[in-house]
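Q: I am new to this structure and would like a close look at one part of it. Please keep the sentences short and explain the terms as they come up.

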Amino acid sequence: RKGETATSQACMPAGFYAFSIFDSNGDGMCCSQGRGSYKVTSQTGDVVFRGGAFGLDERTTFSMPYDPNGPPAETIPGATRRPTPPPTPKPTPKPTPNPTPKPTPQPTNDCYTIDITATLDQYAGDTRWEFIPDGQSDPVASFQYEDALQYDTTTESVCLEEGTYNFIIYDAYGDGMCCNWGEGSYQLSYNGNTITSGAEFLFNEVKTITIPPPEDDCFPLIVDIVFDNYSEDTSWDISQGGANIARSIEYAPQTATDKRELCLPAGDYVFTIYDVYQDGMCCAWGQGSYSVTTANGVVIKEGAEFGQSESTSFSLPF
C-alpha cells in the first residue's frame with residue numbers, strides 16, 4: 001500500500017546475479033510522487049546496493065556471497081520516458097504495398113495458422129507480442145519487431161493448437177502504436193477473417209481468442225475495467241458449470257484500464273470479479289468500476305462497490 005515499507009527475502013546459491021526494478025509510469029520511486037526508495041542487503045545487514053530515482057527500470061549486477069570489501073555492485077540505468085512529441089509534422093509513412101494473395105491457411109498437424117499483421121509506428125522496436133494459453137504463464141509464441149521496420153506493414157504467422165489464448169501486445173514506452181509517432185495498428189486474422197485488432201493502448205493490451213476461432217456459433221462479449229489505485233488487487237473470471245471459460249491476466253500495479261473482447265457459445269455463465277483486499281473497486285482507493293456488455297452495448301452487469309467478490313449469472317444470447 002502507499003507509504004508502506006515491504007520486505008522480501010530470498011536465499012540464493014553462490015554466483016553472479018542481476019536485480020531489476022521496474023516502474024510502469026516511468027518516473028521511478030523518487031521524487032515526483034513521494035520519496036520512495038529500495039535497498040538490497042546481505043544476511044549480515046551489509047547494504048549491497050540501493051536506489052530510488054530511475055525511469056522505467058534500473059538493473060544492478062552483483063555476486064553472492066557478498067563481500068563488502070570486494071568490487072561494488074554495478075548499477076545500469078534503464079529506459080526513461082520519451083519526451084512529448086514536438087508539434088511538427090510526422091514523417092510521411094512509407095506507402096503500404098498491395099498484399100500478395102496467400103493460399104488459405106489450413107490446420108496443419110492439429111494446429112491452426114493465425115496471421116498477425118502490424119503497421120509499425122516510428123519506434124517499431126518498442127513493440128512486441130506473445131500468445132499465452134489461458135491459465136498459464138509461459139508464452140507458446142512471441143515476436144519482437146526491429147527498429148528498421150518503422151512505418152512498415154508486416155505479417156507474421158503462428159500455428160496454434162486448439163484452445164483459448166491471451167494475445168498480449170506490448171509497447172516499451174507506454175504510448176501504444178498510435179498516434180503520437182505514426183498511425184500504427186495490429187490485426188489478427190484466420191482464413192482471411194479478422195479475429196481482433198487494435199492500435200491505441202499504453203504499455204500493453206490483452207485480447208482473449210479461441211482457436212479455432214468460432215464462426216457463427218458464438219456471441220461477442222466485452223469486459224471493461226476501470227481500476228482504482230490498486231489494479232493488482234483485481235481479477236475476474238467467467239465460468240460455466242463450475243469450470244473456468246475465461247479469466248483475466250495478472251494486472252500490473254498502476255494499470256489504468258483493461259478491455260477484453262470475448263466470443264462465447266450459447267449457454268449459461270457466471271461472471272465473478274475479485275478484490276484481494278476485500279474492498280472492491282470504489283471508493284476508498286479511487287473511482288474504479290467494471291462492466292460486462294454485449295457487442296451492441298447492452299449492459300449485462302456493471303458495478304464498483306463490493307467486498308471480496310461479486311458474481312453475476314447470465315445467459316447467451318442475452
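Which residue in E16 stands opposite Ser189? Please start there, then show me the surroundings.

A: Ser189 stands opposite Thr194 in E16. This is a predicted model, in which local features need pLDDT of at least 70 and side-chain atom pairs count only at pLDDT 80 or more, while totals for chains, interfaces and linings use all residues. Residues are numbered from 1 along each chain as its sequence is written, and side-chain values use heavy atoms, with hydrogens and water left out.

Start with the two strands. Strand E15 covers residues 185-190, and five bridges join it to E16. The two run antiparallel. A strand here is a DSSP run of E with at least two residues, and a helix is a run of H or I with at least four; both are numbered from the N terminus. Two strands pair if DSSP finds at least two bridges between them. Strands of a sheet pair through backbone hydrogen bonds, either parallel or antiparallel.

Now widen the view. E15 and E16 belong to an open sheet of four strands, in the order E11-E8-E15-E16. The pairing is antiparallel. Strand E11 (153-161) and strand E16 (193-198) are the edge strands, each paired on one side only. On average, neighbouring strands of this sheet are turned by 20° against each other, direction ignored. The axes behind that angle are lines fitted to C-alpha atoms.

Just before E11, look at Tyr151. Tyr151 lies in the loop between strand E10 (141-144) and E11. Its phi is positive, about 70°, although it is not a glycine. Tyr151 counts as buried because its relative accessibility is 7%. Buried means under 20% relative accessible area, exposed means over 50%, and partly exposed is in between (1.4 Å probe, protein chains only).

Next, follow the chain past E16 to Asn204. Asn204 lies in strand E17. At 36% relative accessibility, Asn204 counts as partly exposed. The strand around it is another matter: six of the eight residues of E17 are buried, so E17 is largely enclosed by the rest of the structure. Asn204 touches Ile168, Ile169 and Tyr170, leaving aside residues up to four places away in sequence. Contact means heavy atoms within 4.5 Å. Asn204 and Tyr170 are 34 residues apart in sequence, yet 4.2 Å apart in space, C-alpha to C-alpha.

E17 has a partner. Eight bridges join E12 to E17, and these strands run antiparallel. Thr164 stands opposite Thr210 in E17. Where E17 ends, the peptide bond from Ile211 to Pro212 is cis, with omega near -5°. Pro212 lies in the loop between E17 and strand E18 (219-226).

Asn204 and Tyr170 also share a pocket. They are among the residues closest to the centre of the second largest pocket, along with Ser24, Phe203 and Ala252. About 1,000 Å³ of space lies in this pocket. Its lining takes two or more residues from each of strand E9 (127-133), strand E12 (163-171), strand E17 (204-211) and strand E21 (257-264). A pocket is an open set of points on a 1 Å grid over the protein atoms alone, where a 1.4 Å probe fits, with protein on both sides within 12 Å along at least five of seven lines; lining residues have an atom within 4 Å of a point.

Last, the whole chain. The protein chain has zero helices and 27 strands. Buried residues make up 37% of its 318 residues.

Conventions. Axes fitted to C-alpha atoms, helices over the stretch in contact; angles between N-to-C directions. Points joined across faces, edges and corners; volume = space filled by probe spheres on them.
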